[in-house]
Amino acid sequence: MLCCAADTITRRDKALASLIETQPYNFDMKRAQSARGLAGIIRLMDGFRLHYAGAISALAISSIARTAGLLLIGWVVDDLLSPQATLIDMTAGLGHILPQTVNTLRPDLPSLLPLAALAFLLLSLVQGGFSYFSGRWAAYTAERIAWRTRNYLFDHLQRLSFSYHDRMQTGELLQRATSDVDAIRRFYVEQGVGIGRILVMFVVSFAGIMMLSTPLALFSILAAPFLIAVSWYMFGKIARKYEELQDQEAKVSATLQEHLSGVRVVRAFARQEHEIERFEGDNWRQFERGKELLMLNALYWPMTDLITSVQLVLGVLLAGYMVIDGTISVGDFVAYVGLVGALIGPLRQIGRLVVQAAQGLGSYKRVMEIVTQEREELHEETAPPVRDVVGEVEFERVSFRYDSATPVLHDVSFRVRPGQVIAILGGTGAGKTSLVGLLPRFYDYTSGVIRLDGVPLEDYPRAFLREIIGLVEQEPFLFSRSIRENITYGVGRDVSDEEVFEAARMAAVHDVIRDFPQGYQTMVGERGVTLSGGQKQRIALARTLLKNPRILILDDATSSVDTETEASIRDALRARGEAVTTFLIAHRVTTLMHADIILVMADGRIVQSGTHEELIAQDGIYRQTYRMQSRIDEELEREMADVE
Ligand SMILES: Nc1ncnc2c1ncn2[C@@H]1O[C@H](COP(=O)(O)OP(=O)(O)OP(=O)(O)O)[C@@H](O)[C@H]1O
Ligand SMILES: [Mg+2]
């Protein structure tokens, strides 16, 4: 049973993959960029324009059928149902010679009426059928574009630079990738088609009334300019309000997202009350913006209602007088009442639709703001390395700063030979994480040069560097998938269980995982077990070790692991015997004292460097730290001994 389910899934995945390969779906959204929203949103339809044109055409046919139906009713009333004057010879019965006219219905009416009914039915079918296709094609276009856009954003967001993500709030990005994409979807399915419907209905109904009477037709659209003027005015106001609302909504969802992620901190500091107050403030502002928007809407509808009603009443009144005058027939009147509704009524929707369309265009801009961000080049072809990397790393007067002006690294120079272990010690904020983050090119350094095997780092494609560099981050992140999937995350191939176990053993976590009831299939986080800090770190370590990197970076990777386990991890790493250049960041001197080189950092500078013995012999941060930590350890040991 399980096999078959998996089978279906892979088949579906394959079908999906081949679909995505096809032209309309691997659309480069950058091509849809335009300063004018409308032009852009039309470009966004690339690959689906025919469908959309079909939707609008079907709409036109449907409207024409509706108008023709109303004209048919008028004709039935006039030409079929109106009594006809018949000359009757009254002499026969009464002896009078005077002939008389009597109104009677036409004699072939019984055979004509079903025909007329049939024609009406056919027109209704055409109207309904094309209306269906119009809706269907428009929905198809909209859903496909939304799907494609979401896929693109998901992919694109993961390729943007680290500094972009540093700058943007996750909640804000989330909102753009969901709510804004939905506004674009609605643009195609509701506003685009809606505005098309109104225009088509207007033109077709107007032409229909023209066939009845030109003056009546002209009189019937007197209100149109007023309606459009009011809509235009209100449109500007409402659109601005909407943007404010969207911004505020983004703020609220960002707050929500952040506090869900940081829920432990909030509770640990018993800050719920304070945070709720803050959230209430933001939420209140959103409510106010929403209310203002609703008020404007509430004002708009009665205003346009009034204009439309006056126009309708006056039009019907005029048509009535025209019947009395004999300018138009009763049948024309009946047709007019039907037609004028389709002429002027929908016109008042144009304001709403234009406003919503403007919202859609606003959303388009917000989405394109992400799309136009430059991606981090992963595979750029600058001197691709022809040989295997040995792992010699050299920093020469490297300085670096994040977006802000304050430098984080100053003039950092050192050299690591292949297979050496280089340890970095330093206070918090000294720049250790920033330093190692330069190696996989998460950020580009500002000046100086970093060489890997003698070649400047920027000559290597990022994708290549990230393949050969294994990084265990200070705060490792695990996905809510199974432990096995988390460990095999970084390797793009099938991995045998034995390999996974081996990596886990090296990270001293194999036994722990095996003790879970579901072993390696245990789900992490969200719906599965919540791991301890040390377990998380060890799984992250196993994940990196499985990758078999040429350069290994352990950023405080064993900080939540007890000393004994840490020692066994260190032994396992050493026993591997391969020449893996290792960067080891730690706060405990015992962790890094065996390194080949130890760098001591303070305020972004290297203040000391050498082996443990050399550094112990010097007066400086290293010796102070070492002595303090040893003293604490000794005291601890003594206390433990006392307890026992
Ligand atoms: N993404 C970032 N954007 C801007 N500034 C940053 C960023 N990350 C770190 N910094 C700044 O860079 C400086 C060095 O930070 P870094 O994370 O490298 O310190 P660290 O030595 O790893 O500290 P710790 O031992 O606490 O992990 C800090 O002053 C920090 O404020
Ligand atoms: Mg750090």
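Colleague: What is the relative accessible area of Ala508?
Modeller: In this predicted model, Ala508 counts as partly exposed. Buried would need under 20%, and Ala508 does not meet that, with a relative accessible area of 22%.

Colleague: Where does Ala508 lie, and what is its phi?
Modeller: Ala508 lies in the loop between helix H17 (497-506) and helix H18 (510-515). It is not a glycine, yet its phi is positive. The value for Ala508 is about 55 degrees.

Colleague: Which strand holds Asp411, and what is its phi?
Modeller: Asp411 lies in strand S4 (residues 409-416). Asp411 counts as partly exposed, at 41% relative accessibility. Although Asp411 is not a glycine, its phi is positive, at about 50 degrees.

Colleague: Which protein residues are donors of the magnesium ion (ligand 2)?
Modeller: There are an OG1 and an OE1 donor, lying 1.9 to 2.3 Å from the ion. The cut-off for a donor here is 2.8 Å. The residues are Thr433 and Gln474.

Colleague: How many residues apart in sequence are the parts that Thr433 and Gln474 tie together?
Modeller: Thr433 lies in helix H14 (residues 432-437). Gln474 is in the loop between strand S8 (469-472) and helix H16 (483-487). Thr433 is partly exposed at 39%, and Gln474 is partly exposed at 35%. So the pair ties together parts whose separation in sequence is 41 residues.

Colleague: Which side chain of opposite charge is nearest to Arg543?
Modeller: Arg543 lies in helix H19 (residues 533-546). It is buried yet has no salt bridge. A salt bridge needs a distance within 4 Å. The nearest side chain of opposite charge is 6.3 Å away, and it is Glu473.

Colleague: Which residues does Arg543 touch, not counting those up to four places away in sequence?
Modeller: Contact means heavy atoms within 4.5 Å. With that sequence filter, Arg543 touches Phe477, Leu478, Asn486, Ile487 and Tyr489.

Colleague: How many aromatic pairs does the structure hold, and at what angle are the ring planes of Tyr52 and Tyr188?
Modeller: The structure holds 19 aromatic pairs. The ring centres of Tyr52 and Tyr188 are 5.9 Å apart. Planes over 60 degrees apart count as edge-to-face. This pair is edge-to-face, because its planes are at 80 degrees.

Colleague: Which helices does the pair of Tyr52 and Tyr188 tie together?
Modeller: Tyr52 is buried, at 9% relative accessible area. Tyr188 is buried too, at 1%. The pair ties together parts 136 residues apart in sequence, namely helix H3 (residues 49-81) and helix H7 (residues 170-212).

Colleague: Which residues does Ala142 touch, not counting those up to four places away in sequence?
Modeller: Ala142 is found in helix H5 (residues 109-157). It is buried, with a relative accessible area of 0%. With the sequence filter, Ala142 touches Arg185, Tyr188 and Val189.

Colleague: What separates the C-alpha atoms of Ile450 and Gln272?
Modeller: Ile450 is found in strand S6 (residues 447-452). It counts as buried, at 0% relative accessibility. Along the chain, Ile450 and Gln272 are 178 residues apart. Their C-alpha atoms are separated by 46 Å.

Colleague: Over which ring does the charged end of Arg481 sit?
Modeller: The cut-off for a charge over a ring is 6 Å from the ring centre. The charged end of Arg481 is 4.7 Å from the centre of its ring. That ring belongs to Phe479.

Terms used. Residues are numbered from 1 along each chain as its sequence is written. Chains are lettered from A and ligands numbered from 1 in the order in which they are written. This is a predicted model: local features need pLDDT of at least 70, side-chain atom pairs count only at pLDDT 80 or more; totals for chains, interfaces and linings use all residues. Side-chain values use heavy atoms; hydrogens and water are left out. Helices (H or I, at least four residues) and strands (E, at least two) are DSSP runs, numbered from the N terminus. Buried means under 20% relative accessible area, exposed over 50%, partly exposed in between (1.4 Å probe, protein chains only). Lys and Arg count as positive and Asp and Glu as negative; His and the chain ends are not counted. Rings of Phe, Tyr and Trp (its six-membered ring) pair if their centres lie within 6.5 Å; planes under 30 degrees apart count as stacked, over 60 as edge-to-face and the rest as tilted. A charge sits over a ring if NZ of Lys or CZ of Arg is within 6 Å of the ring centre and within 35 degrees of the ring normal. Donors are N, O and S atoms within 2.8 Å of the metal (3.2 Å for Na, K and Ca); water is not among the atoms, so sites may look incomplete.
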